[in-house]
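This report describes selected features of a single structure, from sheet pairing to nonpolar cores, salt bridges and surface.

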Amino acid sequence: MEAVVFDGKSLSLKYDNKYPMPKIINEDDVIVKVEYSGVCGTDLHIIQGEFPASKERPLPLGHEFSGVVYDVGSKSIFKKGQLVVVDPNCACNLCDFCREGNYHFCLTAGINSTVGIWRDGGWSQYCRVPQSQVFALPEGITTEQGGLCEPYSCVSHGFDRASPLPVGQKILIVGAGIIGNLWVTTLHHHGHREVTVSEMNKSRLEIVKKLNTGFRLVTPDVLAKEKLLYDVIIDCTGVGKVMEINFNYLRQGGKYVLFGCCPPTHQASVNPFDIYNKELTVIGVKINPFSFPKAIGWLKAMGDRYLNYENLGVKTYALSEYQNALNDLKAGTIAKAVFKVRH
């Protein structure tokens with residue numbers, strides 16, 4: 001089968017049209033015929049050696065994907081032909097973190113066993129996963145929309161962590177890549193209108209305009225000149241120094257949501273006196289524990305008004321076009337690349 005395969009030892013990618021087809025091994029296995037598979041910012045960090053991933057053997061990346069059930073184990077609750085999405089993260093169910101409902105902190109599972117990072121992922125025509133990580137898409141949601149379920153599940157977790165977010169609060173979204181755009185749609189869908197989006201790449205701001213939210217769109221230099229203060233800042237950049245600058249734009253009682261995944265080497269300096277004096281809250285957001293059902297609910301409620309690929313700046317590519325996808329992402333001409341997998 002076709003796959004885009006990552007070699008963790010050489011930090012290289014290649015297109016392979018003869019990658020082994022997965023087979024049912026366990027009685028609860030599901031083989032998904034992949035239809036849409038996203039390229040995440042984390043994938044870029046992995047390829048650049050800035051984020052840990054498997055080095056045992058070359059394997060397909062891809063932890064954001066949707067598709068159709070192709071085959072199932074003898075004890076699977078799923079049926080061939082069902083439209084599904086895959087939660088790439090799971091619990092070990094044995095450690096204290098998992099038993100407390102915090103599997104994203106698990107030292108063996110969680111982000112340490114992610115499909116598409118540590119196990120064969122969705123940058124391939126077919127992918128085998130345990131049924132516990134498979135979710136059926138309800139009627140009315142397409143696999144195209146379902147391709148956004150995993151990133152929305154992360155936004156859902158961040159939304160819960162940042163809540164309460166009363167409508168009327170002044171919110172600043174920093175970074176208008178795809179995650180920034182998903183936050184834009186989420187906040188607008190929930191009734192927020194006092195939202196500013198800051199992005200240095202003006203072509204990305206043009207993409208945000210297509211979402212037709214009426215949110216204020218600015219470049220970082222405008223923030224520096226205005227020195228306005230915000231109740232909530234959602235940092236979607238994954239750049240440590242950005243926090244150092246934007247932390248100064250929080251008003252008293254404000255919340256700083258660190259959403260973008262920074263490489264472990266990044267640092268930022270903040271003033272502890274400001275945290276004390278303003279009673280500020282810093283909120284970290286790590287992956288998507290138990291938030292897939294909420295994300296699926298959002299997808300159903302949002303529909304094409306918010307999930308239209310063109311308006312979000314999402315462009316689709318064949319697996320064989322992976323290099324074009326990465327180049328367009330790095331150039332910032334698109335917000336997100338998604339593999340539309342041909343069969």
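## Sheets, cores and salt bridges

In this predicted model, an open sheet is built from 3 strands in the order E2-E1-E4, with antiparallel pairing. Strand E2 (12-16) and strand E4 (59-60) stand at the edges; each has a single partner strand, so one side of each is left without a neighbour in the sheet. Strand E1 (residues 3-7) pairs with E4 over 2 bridges in the antiparallel sense. Opposite Leu-59 in E4 stands Phe-6.

A parallel pairing is found between E9 and E10, over 4 bridges. Here Val-197 in E10 is the bridge partner of Ile-173. Along E10, Val-195 and Val-197 point one way, whereas Thr-196 and Ser-198 point the other way; all are buried.

### Nonpolar cores

The largest nonpolar core holds 46 residues, of which Tyr-152, Ile-173, Trp-183, Leu-187 and Ile-234 touch the most other members. Elements that give two or more residues to this core include helix H4 (149-162), strand E9 (171-174), helix H5 (178-189) and strand E10 (195-198). Helix H6 (202-209), strand E12 (230-235), helix H10 (292-307) and helix H11 (309-312) likewise give two or more residues. The most is given by H10, with 8 residues. Ile-173 thus appears both among the core members that touch the most others and as the bridge partner of Val-197.

The surroundings of Tyr-152 can be described in detail. Not counting residues up to four places away in sequence, Tyr-152 touches Leu-182, Thr-185, Thr-186, Ala-295, Trp-298, Leu-299, Met-302, Tyr-306 and Leu-307. A second, separate core has 43 residues, among them Val-30, Ile-47, Val-69 and Ala-337.

### Salt bridges

Across the whole structure, a search finds 11 salt bridges. Three of them are listed below with the N to O separation.

| Salt bridge | N to O distance |
|---|---|
| Glu-226 with Arg-216 | 2.7 Å |
| Lys-241 with Glu-244 | 3.4 Å |
| Asp-328 with Lys-315 | 3.7 Å |

What does the salt bridge between Glu-226 and Arg-216 tie together? Glu-226 belongs to helix H7 (residues 220-226) and Arg-216 to strand E11 (residues 216-218), so the pair ties together parts that are 10 residues apart in sequence. Glu-226 counts as partly exposed because its relative accessibility is 31%, and Arg-216 is also partly exposed, at 31% relative accessibility.

Lys-241 and Glu-244 both lie in helix H8 (residues 240-246), where they are 3 residues apart, about one turn of the helix. Glu-244 has a relative accessible area of 25% and is therefore partly exposed.

In the pair formed by Asp-328 and Lys-315, the side chains meet at 3.7 Å, N to O. Asp-328 lies in helix H12 (residues 322-331) and Lys-315 in strand E15 (residues 314-317), so this salt bridge ties together parts that are 13 residues apart in sequence. Lys-315 is partly exposed, with 40% relative accessibility.

### Nonpolar surface patch

Which residues make the nonpolar surface patch of about 310 Å²? The patch is made by Phe-97, Phe-105 and Leu-107. Phe-97 is located in helix H2 (residues 96-99). With a relative accessibility of 36%, Phe-97 counts as partly exposed, because this class lies between the buried limit of under 20% and the exposed limit of over 50%.

Conventions:
Residues are numbered from 1 along each chain as its sequence is written. This is a predicted model: local features need pLDDT of at least 70, side-chain atom pairs count only at pLDDT 80 or more; totals for chains, interfaces and linings use all residues. Side-chain values use heavy atoms; hydrogens and water are left out. Patches are made of residues with over 30% relative accessible area and no salt bridge: like charges are joined within 9 Å, nonpolar side chains (Val, Leu, Ile, Met, Phe, Trp, Tyr) within 5 Å. Accessible areas come from the Shrake-Rupley method with a 1.4 Å probe; for residues, only the protein chains shown count as cover. A salt bridge is a side-chain nitrogen of Lys or Arg within 4 Å of a carboxyl oxygen of Asp or Glu. Buried means under 20% relative accessible area, exposed over 50%, partly exposed in between (1.4 Å probe, protein chains only). Two strands pair if DSSP finds at least two bridges between them. A nonpolar core is a set of buried Ala, Val, Leu, Ile, Met, Phe, Trp, Tyr and Cys residues joined through side-chain atoms within 4.5 Å. Contact means heavy atoms within 4.5 Å.
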